[in-house]
Each structure stands twice: as structure tokens, then as C-alpha cells.
2 protein chains.
Amino acid sequence: MYVVIMAGGSGTRFWPLSRTRTPKQLMSVFGGKSMLQRTVERVLPLAPERIMIVTNEEQAAETARQTAGYHGCPLDIVAEPVGRNTAPAIALAAAIIGHHDPEATMLVLPADHYIRNEAEFCRVAAAATEAAASGALITLGIEPTRPETGYGYIEAEPAPAAAAQPVRCFVEKPDAARAMAFLEAGNFYWNSGMFIWRVSAIRRELSRQMPELALAVNSLVFGEENWGLEALTPQINAIYPSLKSESIDYGVMERATQVKVIPASFGWSDVGSWSALPEVIEADGDGIVAIATAGVINIDSAASLVYGNGKMIALVGVDNLIVVDTPDALLVCRRERAQEVKKVVEKLQQQGLREYL
Amino acid sequence: MYVVIMAGGSGTRFWPLSRTRTPKQLMSVFGGKSMLQRTVERVLPLAPERIMIVTNEEQAAETARQTAGYHGCPLDIVAEPVGRNTAPAIALAAAIIGHHDPEATMLVLPADHYIRNEAEFCRVAAAATEAAASGALITLGIEPTRPETGYGYIEAEPAPAAAAQPVRCFVEKPDAARAMAFLEAGNFYWNSGMFIWRVSAIRRELSRQMPELALAVNSLVFGEENWGLEALTPQINAIYPSLKSESIDYGVMERATQVKVIPASFGWSDVGSWSALPEVIEADGDGIVAIATAGVINIDSAASLVYGNGKMIALVGVDNLIVVDTPDALLVCRRERAQEVKKVVEKLQQQGLREYL
């Protein structure tokens with residue numbers, strides 16, 4: 001098995017802790033390790049042949065720094081010169097892995113997701129590997145725990161319980177009523193963006209559904225030493241700008257011939273904004289989640305998140321707030337409006353305040 | 001005229017900016033200068049004979065540092081070894097001034113009040129000086145602009161308009177209905193804690209109403225050089241611990257024989273808590289008062305105060321908040337609960353977290 005970690009996200013919704021050079025996956029929110037480091041550690045027990053991290057040029061140095069300490073498995077970093085969504089990144093990774101091992105199985109993971117139960121993750125990944133042997137494209141579908149309207153869903157055939165169930169269709173983010181119906185139906189899963197497939201299977205589907213993309217990555221000429229990635233860099237930089245931006249879901253999965261979902265229930269969160277952190281970090285009795293503070297003095301406050309930059313934080317009579325303090329910027333945000341933090345980043349961009357980006 | 005500035009307050013309601021060693025009057029909230037410095041500058045145009053600042057031992061060094069640059073008038077600092085409220089501080093100052101100039105007139109001002117219209121303040125002070133020549137104790141009564149329940153009131157005789165009106169009585173903080181009645185009546189004023197009197201007049205009243213206190217301060221033996229304050233320090237330290245803690249209002253003013261109020265309307269605020277700052281500093285169009293920030297990015301927020309420690313501050317969907325950031329502590333407080341900031345300080349004390357006090 002080969003692991004591909006998708007790590008090029010910008011994560012503006014975690015401003016001011018996430019910045020251009022240290023986006024969400026490179027931030028250290030949970031104790032010392034970044035989400036990328038946790039993702040790498042999560043797959044090491046699967047004993048992969050190789051780990052490949054696809055990131056972008058701006059984050060490549062920090063990505064290399066954070067992953068330099070892992071010696072359980074060879075690790076390559078591929079830097080995209082421009083972002084083109086997930087399909088080109090996956091196609092590129094599949095071409096590289098396929099060149100070296102056409103029989104490989106490939107696990108694709110976003111770098112910035114949280115998984116509470118690592119052992120269960122490994123169990124599901126092993127089952128998915130088995131299911132992928134047949135040539136199916138396997139997606140990990142998270143069993144929904146609430147009628148979430150912020151995720152896409154995967155509808156499975158209501159098959160008798162098997163490890164992998166055929167996918168009926170992919171569903172865009174639903175409204176509240178449909179989300180509730182999905183939750184009750186029992187054969188709908190959150191689309192996690194985690195996939196397992198034979199490299200040969202995904203390359204076949206790419207050639208069929210995205211022939212221009214497949215042609216571009218199949219034209220790469222590999223060097224001799226190591227995986228020949230150094231020889232690839234100028235070629236990648238040459239082909240990328242002309243590639244079409246597309247997600248693997250829309251570009252391949254929705255119309256692939258053989259797609260299956262493996263239900264997963266390992267305490268997953270995509271940690272999509274500050275308001276998701278209470279899913280990931282335990283709150284105290286008053287519902288206060290405190291991270292990196294010297295302490296919290298709470299006078300009658302509730303249901304809030306504070307990131308403290310090593311400070312003593314006092315809360316007086318507030319609730320449902322997100323407070324994030326960094327050395328040069330401070331965010332105070334109503335909890336249910338955490339998605340709008342990206343608007344702050346947009347305003348900073350408009351005003352040319354690059355030092356805060 | 002001699003000016004006595006009462007500067008010993010602890011100001012816990014401005015935590016975390018105010019600390020034990022830099023209480024409210026020594027803080028620099030409004031641009032560069034502290035409230036003490038502004039108070040000193042305010043009285044210089046009155047051309048006083050001398051300015052005396054009564055503070056405590058803990059704040060004496062910083063008080064001296066902040067006032068070292070003023071050369072318009074000799075300035076003495078008297079440090080109380082323990083706080084005993086305003087009556088002992090005023091009695092001590094009156095004894096010192098009286099020793100050197102028994103005919104002196106004495107203006108008493110708190111160090112931590114804000115006055116918008118300095119010229120009008122000088123006009124009122126001059127009128128009060130004139131009124132004090134008769135031997136009356138003159139108090140400056142602020143013409144109320146709202147039915148405030150947080151202040152004591154002074155009820156004047158509904159006399160024909162004269163500079164100084166006889167005081168009928170002092171009234172404790174009223175409830176909302178009474179405060180509204182006071183506002184409508186027109187002969188009630190906020191008790192500002194600013195007084196003008198002949199030194200001989202206040203000493204006579206002190207001897208009559210607080211004989212033990214008067215005896216203690218009259219027993220001081222003055223040195224030869226300057227005002228002999230160095231010789232006084234050990235004596236002050238000896239007598240203070242046994243003095244009774246008492247306010248000048250309760251100890252003297254309420255039962256004095258000849259008390260008058262001069263109505264004042266010069267944009268006064270006692271700046272009693274963070275929530276009072278919008279009275280003092282202009283808000284932007286969204287009602288955001290921003291102090292010491294590198295900038296504010298406002299996404300749909302209103303009616304809030306931010307003190308920024310040089311940072312970029314982003315507010316998303318919040319209102320009626322007070323946010324105060326300092327290098328080691330951060331406060332987030334509901335605006336209408338600003339009085340409870342002192343509870344934060346109490347909790348820090350209880351937990352022995354002295355570095356934050």
C-alpha cells in the first residue's frame with residue numbers, strides 16, 4: 001500500500017492561527033503536533049510502502065520540516081506550482097506511484113482531518129484495501145451522527161451488511177430537511193474525501209473520464225535516482241498551469257463504473273472551522289474549550305472556545321464565542337458565524353495587509 | 001490655591017490593563033498620557049502654588065516617574081502606607097498645606113476622572129475658589145445627563161441661580177425610579193468627589209467631626225528643608241495604621257455646617273469601568289471603540305470596545321463586548337457586566353496568581 005496525503009489547503013477559516021505559510025494542516029492546535037503530523041503517524045501502523053505528500057510550493061518547506069522526523073517509511077513531497085483541486089493532485093500521485101509499482105494500492109487522505117479512534121481507522125483501511133483488490137474505487141463514508149448540512153453525502157445501495165457497499169450516487173450538501181431524512185434512512189454517509197483503490201483502477205478511470213489530465217501526467221519522464229522526483233519538478237511546473245481545476249468527486253467518482261463505500265465510524269471531523277473544535281477537544285464543565293492558555297477565569301460564561309497564546313484568559317458573562325489570540329492578531333467571533341472568518345481574510349487581502357495573511 | 005490629587009486607587013475594574021502597580025490613574029488608555037498626567041495638566045492653568053499627590057507606597061515610584069516631567073509648579077508625592085479611604089488622605093494633605101500656608105485654598109481632585117472641556121473646568125474651579133472664600137466647603141456637582149444609578153447625588157436647595165447653592169443633603173446611589181426623579185427635578189447633581197475649600201475651613205470641620213483623625217495629623221512635626229516631607233514619612237507610617245477608614249463625604253461633608261455645590265457641566269466621567277470608555281473615546285460608525293490596535297476588521301459587529309495591544313483585531317458577528325488584550329492576559333466581557341471584572345481580580349487573588357494582579 002502507498003499513501004497519498006493531500007496537504008495543499010489554505011484553511012483561511014482558521015485565521016488568525018492559520019496563515020498562508022502555516023495553513024490548518026500545519027498548525028499546532030492540539031498539543032504539540034500538527035494535523036499533518038498526526039495524519040502521517042496515523043498511517044504508519046498500516047506499514048505503507050511509501051508516503052507521498054502533495055502540497056504547494058509555498059508550504060513545501062514547512063511540510064518538509066514537519067515530516068523530517070518520520071523514519072518509519074520513505075516519504076516524498078510533491079509541490080504543485082498552482083492549486084488545481086484534487087483530481088490533478090491524485091492523477092499526478094497515481095502516475096508517479098504507478099510508474100514504480102503498477103500493482104500498487106493507494107490510500108488517499110486529506111492532511112487536515114481529525115480521527116479520534118486510530119485503531120478503528122486502521123481496521124477500516126485494511127477492509128478497504130481488501131475491497132479495492134477487485135478493482136473498485138473505494139470511498140470511506142462516515143456514518144452520520146447528526147443532520148449535518150455542511151457536508152456532501154454518499155448514498156449507498158441498501159445492501160445486506162457487507163464491508164463495501166455499492167454507491168448509488170453522490171449528493172451535494174443538503175438542506176436541513178433532507179439531511180434529517182438522510183440521517184434516518186441509514187444508507188447515507190458523509191463524503192470524507194478518503195479513498196482507497198488500485199493505482200491501475202484509478203488510472204483507467206482517469207483515462208476514460210479525464211483524458212487530457214491523464215495524458216498530461218502520463219507524459220512525465222522519470223529520472224533514474226530515487227523516485228526520479230527531481231527530474232519531474234520542472235515537468236510538473238510546465239504542465240500544471242494548463243490543467244483544469246477539478247475535484248476527484250466530480251471529475252471521476254460520480255461517474256466511475258465501480259464505486260463502493262465502506263461505512264466508517266472512527267470519530268471523524270474535517271475540523272472545517274473554529275466552531276468544529278469542540279468536536280475534537282473536550283470542553284470543561286461550563287462548555288469552555290481552552291487551548292494554549294495559561295489558565296481561564298470564568299465568571300458566568302459558557303459554550304465558548306478560547307485559544308490563548310499562553311495567556312491568562314478571563315471571560316465575563318459571555319457565551320457562544322470564539323476567541324483566538326496570536327502574537328499579531330486577535331479574533332473574536334460569534335460561534336455560529338465561524339464560517340465567516342474567511343471574510344476577515346478576504347478583507348485583509350483587499351486592504352493589502354499581507355503581514356496578517 | 002493648592003491642588004491635592006487623590007491617586008491611591010487600585011482600579012481593579014480595568015483589569016487586565018490596570019494592575020496593582022499600574023492602576024487606572026497610571027494607565028495610558030487615551031493615547032500616550034495617563035489619567036494622572038492629564039489631571040496634573042488640567043490644573044496647571046489654574047496656576048496653583050503647589051500640587052500634592054497622595055498615593056500609596058506601591059504606586060509611589062510610578063507616580064513619581066510619570067510626574068517628573070512637569071515643571072509648571074512644585075509637586076510633592078505623599079505615600080500612604082495603607083489605604084484609609086479619602087478622609088485621612090485629605091486630612092493629611094490639609095495639615096501639610098496648612099502648616100505652610102494657613103490661608104491657603106485647597107482644590108481636591110481624584111486622579112482618575114475624565115473631563116472633556118478643560119477650559120470650562122478652569123472656569124468652574126475659579127468660581128468655586130471665589131465661593132470658598134467665605135469659609136464654605138464647596139463640592140463640584142455634575143449636572144446629570146442620564147438617570148444614572150451608579151453614582152451618589154447631591155441635593156441642592158432649589159435656590160435662584162447662583163454660582164454656589166447650599167446643599168440640602170447627600171444621597172446614596174438611587175434606584176432607577178429615584179434616579180429618573182432626580183434627573184427631572186433639576187436640583188440634584190452627581191457627587192464627583194471634587195472639592196474646594198479654605199484649608200482652615202476643612203481643618204475646623206475635621207476637628208469638630210473627626211477629632212481623633214485631626215489630632216493625629218496635627219501632631220505631625222515638620223522638618224526644615226523644602227516642605228519637610230522627608231521628616232514626615234516615618235511619622236505618617238506610624239500614625240496611619242491606627243486611623244479609621246472613612247470617606248470625606250460620610251466623615252465630614254454630610255454633617256458640615258456650611259456646604260455648597262457648584263453645578264458643573266464640563267463633560268465629566270469617572271470612567272468607572274471599561275463600559276464607560278465610550279463616554280470618553282469616540283466610536284466609529286458601527287459603534288466600535290478601538291484603542292491601541294493595529295486596525296480593526298469588522299464583519300457585522302457593533303457596540304463594542306477593543307483594546308488591542310498593537311494587534312490587528314477581527315470582530316465577526318459580535319456586539320456589546322469588551323475585549324482587552326495585554327501581553328500576558330486577555331479579557332472578554334459582556335459590556336453590561338463590566339462591573340464584574342473585579343470578580344476576575346478576586347478569583348486571581350484567591351488562586352494566588354499574583355503575576356496577573
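This report walks through a predicted model of two protein chains, from the way the copies are arranged down to single residues.

## How the two copies meet

Let us begin with the pair as a whole. Chain A can be laid over chain B by a rotation of 180° with 0.0 Å of shift along the axis, and the RMSD of that superposition is 0.1 Å. The two copies are therefore related as by a two-fold rotation axis. Both copies use the same surface for this meeting, since 100% of the contact residues of chain A recur in chain B.

How many residues does each chain bring to the contact? Chain A gives 29 residues and chain B gives 29 residues. On the side of chain A that touches chain B, the elements that supply two or more residues are β13 (295-299), β15 (312-316), β16 (321-325), β17 (329-334) and α10 (341-350) of chain A. Which of the elements gives the most? That is β17(A), with six residues. Sorted by class, the residues on this side of chain A are 19 nonpolar, two polar and eight charged.

Strands also pair across the two chains. β15(A) runs parallel to strand β17 (residues 329-334) of chain B, and five bridges join the two. If you would like one pair to look for in the structure, try I313(A), whose bridge partner in β17(B) is L330(B).

## Two domains in one chain

Now stay within chain A. Chain A is divided into domain 1, covering residues 2-269, and domain 2, covering residues 274-356. The centres of these two domains of chain A, taken over C-alpha atoms, are separated by 29 Å. Where the domains touch, 10 residues of domain 1 of chain A are in contact with 18 residues of domain 2 of chain A. The domain 1 side of that contact in chain A has seven nonpolar, two polar and one charged residues.

## A covered strand

Next, find β1(A). Is this strand mostly covered or mostly open? β1(A) is mostly covered, with five of its five residues buried. Y2(A), V4(A) and M6(A) point one way from the strand, V3(A) and I5(A) point the other way, and all are buried.

β1(A) has a parallel partner in strand β4 (residues 105-110) of chain A, with five bridges between them. Strand β2 (residues 50-56) of chain A also runs parallel to β1(A), again with five bridges. I5(A) is a handy landmark here: I5(A) stands opposite L109(A) in β4(A), and I5(A) also stands opposite I53(A) in β2(A).

## A helix with a buried side

Turn now to chain B and helix α1, residues 35-43. Its buried residues are M35(B), L36(B), T39(B), V40(B) and V43(B). Why do they fall on the same side of α1(B)? They do so because they cover an arc of only 145° around the axis. The buried residues of α1(B) pack against β1 (2-6), β2 (50-56), α2 (57-67), β4 (105-110) and β5 (114-115) of chain B.

Just along the chain, P45(B) sits in the loop between α1 and β2 of chain B. P45(B) counts as partly exposed because it has 13 C-beta neighbours inside 10 Å. P45(B) and R354(B) are 309 residues apart in sequence, and their C-alpha atoms are 40 Å apart in space.

## Backbone details worth a look

Some residues have backbone angles that you can check for yourself. A cis peptide bond joins W15(A) and P16(A), and the bond from W15(B) to P16(B) is cis as well. P16(A) is in the loop between β1 (2-6) and α1 (35-43) of chain A, while P16(B) is in the loop between β1 and α1 of chain B.

| Place | Angle |
|---|---|
| W15(A) to P16(A) | omega about 5° |
| W15(B) to P16(B) | omega near 5° |
| V271(B) | phi about 45° |
| A303(B) | phi near 50° |

V271(B) has a positive phi although it is not a glycine. V271(B) lies in the loop between β11 (268-269) and β12 (288-291) of chain B. A303(B) likewise has a positive phi in a residue other than glycine, and its loop runs between β13 (295-299) and β14 (304-307) of chain B.

Are these residues buried or partly exposed? V271(B) counts as buried because it has 24 C-beta neighbours inside 10 Å. A303(B) is partly exposed, with 15 other C-beta atoms within 10 Å.

Conventions. Residues are numbered from 1 along each chain as its sequence is written. Chains are lettered from A and ligands numbered from 1 in the order in which they are written. This is a predicted model: local features need pLDDT of at least 70, side-chain atom pairs count only at pLDDT 80 or more; totals for chains, interfaces and linings use all residues. Copies are superposed by least squares on the C-alpha atoms of residues with pLDDT of at least 70 in both. Two residues are in contact if their C-beta atoms, placed from the backbone, lie within 7 Å. A residue is buried if 20 or more other C-beta atoms lie within 10 Å of its own, exposed if 12 or fewer, and partly exposed in between; C-beta atoms are placed from the backbone. Helices (H or I, at least four residues) and strands (E, at least two) are DSSP runs, numbered from the N terminus. The arc is that of the directions from the helix axis to the C-beta atoms. Ala, Val, Leu, Ile, Met, Phe, Trp, Tyr, Cys and Pro count as nonpolar, Asp, Glu, Lys and Arg as charged, and the others, Gly among them, as polar. Two strands pair if DSSP finds at least two bridges between them. Domain bounds come from an automatic or database domain assignment.
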